[in-house]
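Biologist: Please take one part of this model and look at it closely, after a brief orientation in the whole chain. I would rather have one connected account than a list.

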Amino acid sequence: MAYNKTPNNEPSEFIEKVVYLNRVSKTVKGGRVMKFSALVVVGDGKGTVGYGLGKAAEVSEAIIKGIADAKKNMVKISLDGNTIPHEVTGIFGAGTVLLKPAPVGTGVICGGAVRAVMDAVGIKDVYSKCLRSNNPQNVVKATMAGLMSLRSPEQVAAMRGKSVEEIVG
């Protein structure tokens with residue numbers, strides 16, 4: 001479910017995806033009070049992505065709060081064309097996500113929560129596997145941890161004080 005409108009109904013320059021909606025209820029003296037939480041991923045499709053969690057009494061308010069939170073927490077990801085530069089495992093809590101680069105034309109071979117992050121960041125060819133928990137919040141956070149740990153050959157060469165040719169081989 002894509003939600004591509006900002007609060008003032010202007011088209012957004014970002015790709016906004018609602019990963020998970022959750023309804024929670026609290027039992028009080030007068031009955032049940034329903035509230036909603038929305039896990040949202042926002043990206044520009046060119047290597048920048050963020051995620052946010054919004055909570056409110058209405059679904060649309062929760063989504064808007066999640067989008068605002070995601071825009072505050074955006075990070076730049078190192079890409080290699082339409083894929084990732086190397087294999088990486090992201091871990092957050094019980095969520096573990098394995099990400100592998102794929103050849104051109106493979107597509108995004110991912111589950112729901114990982115797919116939303118990959119679409120938002122602009123990755124077109126990648127393999128992934130959720131190895132432990134499939135809780136959407138932990139999977140999104142583990143995917144983001146994996147993506148943030150990616151390093152391009154240029155970054156590795158600069159850290160080691162070598163040339164890119166020595167690193168790539």
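In what order do the elements of the chain run from the N terminus on? Against that background, which residues in helix H2 are buried, and which residues in H3 do they meet?

Modeller: This is a predicted model, in which local features need pLDDT of at least 70 and side-chain atom pairs count only at pLDDT 80 or more, while totals for chains, interfaces and linings use all residues. Residues are numbered from 1 along each chain as its sequence is written, and side-chain values use heavy atoms, with hydrogens and water left out.

From the N terminus on, the elements run β-β-β-α-β-β-β-β-α-β-α-α-α, which gives the chain 5 helices and 8 strands (DSSP runs numbered from the N terminus, helices being H or I of at least four residues and strands E of at least two). Along the principal axes, the C-alpha atoms fill a box of roughly 70 × 40 × 30 Å. Of the 169 residues in the chain, 37% are buried (under 20% relative accessible area with a 1.4 Å probe and protein chains only; over 50% is exposed, and in between is partly exposed). Among contacts (heavy atoms within 4.5 Å) between residues at least 6 apart in sequence, 53% join residues at least 24 apart.

Helix H2 spans residues 112-121 and is mostly covered, with 7 of its 10 residues buried. The buried residues in H2 are Ala-113, Val-114, Ala-116, Val-117, Met-118, Ala-120 and Val-121. Just after H2, Gly-122 takes a positive phi of about 100 degrees.

Together with strands E7 and E8, H2 makes a left-handed β-α-β unit (it would be right-handed if, with the strands pointing away from the viewer, the path from the first strand over the helix to the second ran clockwise). E7 (residues 108-109) and E8 run parallel and are joined by 2 bridges, at least two DSSP bridges being what it takes for two strands to pair. In this pairing, Ile-109 stands opposite Tyr-127 in E8. On the antiparallel side, strand E6 (residues 95-101) pairs with E8 over 5 bridges; Leu-99 has Ser-128 as its bridge partner in E8, and Pro-101 has Val-126. These strands belong to an open sheet of 4 strands in the order E5-E6-E8-E7, with mixed pairing. Strand E5 (88-92) and E7 stand at the edges, each with a single partner strand, so one side of each is left without a neighbour in the sheet.

Ser-128, which is found in strand E8 (residues 126-130), shows how the sheet and the helix come together. Ser-128 counts as buried because its relative accessibility is 18%. Not counting residues up to four places away in sequence, Ser-128 touches Leu-98, Leu-99, Ile-109, Cys-110, Gly-111 and Val-114. Val-114, in turn, is one of the buried residues in H2.

Helix H3 (residues 136-148) also packs against H2. The axes of the two helices (lines fitted to C-alpha atoms over the stretch in contact, with angles from 0 to 180 degrees between N-to-C directions) come within 9 Å and cross at roughly 40 degrees. H2 and H3 are therefore oblique to each other, as angles under 35 degrees count as roughly parallel, over 145 as roughly antiparallel, 65 to 115 as roughly perpendicular and the rest as oblique. Ala-113, Val-114, Val-117 and Met-118 in H2 meet Pro-136, Val-139, Val-140, Thr-143, Met-144 and Leu-147 in H3. An α-helix has 3.6 residues a turn, so residues three or four places apart point the same way.

On the H3 side, Met-144 is buried because its relative accessible area is 2%. Leaving aside neighbours within four places in sequence, Met-144 is in contact with Val-49, Gly-50, Tyr-51, Val-75 and Val-117. The C-alpha atoms of Met-144 and Met-118 are separated by 9.8 Å, although the two residues lie 26 residues apart along the chain.

Val-117 also leads back towards the N terminus, since its C-alpha atom is separated by 9.8 Å from that of Glu-16, 101 residues apart along the chain. Glu-16 is found in strand E1 and, at 1% relative accessibility, counts as buried. E1 (residues 15-28) runs antiparallel to strand E2 (residues 31-43), to which 13 bridges join it; within this pair Tyr-20 stands opposite Leu-39 in E2, and a hairpin joins E1 to E2 through 2 residues.
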